[in-house]
Amino acid sequence: MTAAVLDQLSLLAGAPGGIAQLRRLILDLAVTGKLVLQEAADGSAKALVAQIAAVKTALGQKGKNRGKAMPPSDPSGYELPTGWVHVRLDDLTTKLGAGSTPLGGKQVYTPDGVMFLRSQNVWNNGLRLDDVARIPSTIHNGMAGTHVVGGDLLFNITGASIGRCAMVPSNFEGGNVSQHVVIVRPALSELQPYLHKVLVSDLVQDAVMAEQVGVSREGLSVAKLAAFKIPLPPLAEQRRIVARVDELMALCDRLEALQQSAEAAHARLVQALLDSLIQAPAAGESLAVWQRLAEQFKSLFTTEASIDALEASILQLAVTGRLTGQATPLAPPVDNEPGLPRLAAGWMYRPFNELIDPERPIAYGVLVPGAEVDGGVPFVRIADLSIQSPGHLPEKTIAHDVDAKFRRTRLVGGEILMGVVGSVGKLGVAPASWAGANIARAICRIVPAPGVNKDYVLLLLRSGLMRRQFLGDTRTLAQPTLNVGLIRAAKAPVPPPAEQERVVRVAHAMLAFCDQLKPRIANVRAKQSQLAETLVEAALA
């Protein structure tokens, strides 16, 4: 690896997706001859090509490019190092072909028998055989053309796993392979490790993505795979390349483990400090802990996950009466509310339904909207919901006679809307421009009672305290579904009316601060990514 990359390894590894990018860079350097030094004693890969051709001739195989000069460089534009040549993949193999499905398909699978390898068994880091299918030996013997042996490479050519490639170990007990996987059998066993590095590198993977065909499912023909140009160094250099790649990939493994450990430790630290906020016995003590946390914001809240945890803690403090800064003691434990946190003095738990306007109870929307009609009633769906910035009047419409059957959920503007099917818990507020529209069955309408602060109700519905009560009982039918009865029965912490306004004012200020932190974090991460990309480009230049 170049000195520039080694010097900036921590920068590259610390960038978003940096370790994955580092792995790709290692392979790119390897297959373009920039990872290890060339040595004159290695000779030229032309001698290796001649040796492979002799092996194929002895087996009665004729290379498709025999007698034709290989191009001096790949169409991608990079120049090969001295002693390297480009060779078609099929000229390096004695077998290159897809497997097949046994007659009868899955019906012939058996608990015992010969392994039948499918695309889900093929991974870049090796074969995964925990869910391998098996077929009777009689069927295996009848599929002689698709036998897999030790030393092969298996390459997926269809589906979401297209391009994955596994080395078959030399001690493999034998098996067969499906039509979604190609057997790549190197003419010399020594070629397998290096060919694997090439096939999983961006050099081939980008070509796979460019060549794939198919509308409903990706696909790569065996003929196109066979024609891929492989940058081939002498065998001695191949061995040095493979050893160096393995060494650096092991380093990436260690970096990844350290990074995950550091991230987990950071998350635990942040959560422990936030828990100290929530567990403080009085509002005044919560404020003191908050002030100490604020002094360390730059080092503590450096990830989107940590900001999410901070927001959750702010909401918890807000709806339990410990966010307004008053030195309010907590009320005695409430005997009939087991499992719920203690509230500040003067607060009480009440069924959420008691906070709702009795003239406009919580209700689902239109059950069957019917076909969209010109000049119909605007129809609000979950995709239209937003707390901060609801969109324009929904474009989808329903017929007036359908709307007439659901007058109870016709909007006047200002209602809280929450998803109850699919995106359960997603919240929005209907703007005044939505007056006259109606809502989908996947949404329920929530209208606070007179004297109840709507913004406080929104804080309740966003808080973990409330969401755990009704989302924990979400049923899964065709998709997640929430019964409105659970929302009505949820125990809501209720402060005096004047305190509701103070809670909302302080909570909004703190949540707005969190909203400001997120783009700053994203900006820092974007700069890290840009620097990492620049480093990679310089290394490959």
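A disulfide here is a pair of cysteine sulfur atoms within 2.5 Å. By that rule, this structure has zero disulfides. Keep in mind as you look around that this is a predicted model. Two of the cysteines are worth a click anyway: Cys165 counts as buried, at 0% relative accessibility, and Cys444 is buried too, also listed at 0%.

Now find the sheet. It is an open one made of four strands in the order S2-S11-S8-S9, with antiparallel pairing. Strands S2 (93–98) and S9 (165–167) sit at the edges, each pairing on one side only. On average, neighbouring strands are turned by 15° against each other, direction ignored. Look at S2 and S11 (residues 181–186): five bridges hold this antiparallel pair, and Lys95 stands opposite Arg185 in S11. Lying across S8 (153–156), S9 and S11 is helix H6 (residues 192–200), which runs at about 165° to S9.

Next, the charged pairs, with 16 salt bridges in the count. Arg24 pairs with Asp202, their closest N and O atoms 4.0 Å apart. That links helix H3 (residues 18–31) to helix H7 (residues 202–211), across 178 residues. Asp42 and Arg240 meet at 2.8 Å, N to O. Because Asp42 lies in the loop between H3 and H4 and Arg240 in helix H9, this pair ties together parts that are 198 residues apart in sequence. Asp42 is buried at 16% relative accessibility, while Arg240 is partly exposed at 23%. Further along, Asp308 and Lys518 form a salt bridge at 3.2 Å, linking H12 with H17, 210 residues apart. Finally, shared partners join Arg23, Asp253 and Glu256 into one salt-bridge network.

Technical notes
Residues numbered from 1 in each chain as written. Predicted model: local features only at pLDDT ≥ 70, side-chain atom pairs only at ≥ 80, totals over all residues. Heavy atoms only, no water. Pairing = 2+ DSSP bridges. Helix = DSSP H or I, 4+ residues; strand = E, 2+ residues; numbered from the N terminus. Axes fitted to C-alpha atoms, helices over the stretch in contact; angles between N-to-C directions. Contact = heavy atoms within 4.5 Å. Buried < 20%, exposed > 50% of the residue type's maximum accessible area, 1.4 Å probe, protein only. Salt bridge = Lys/Arg side-chain N within 4 Å of Asp/Glu carboxyl O.
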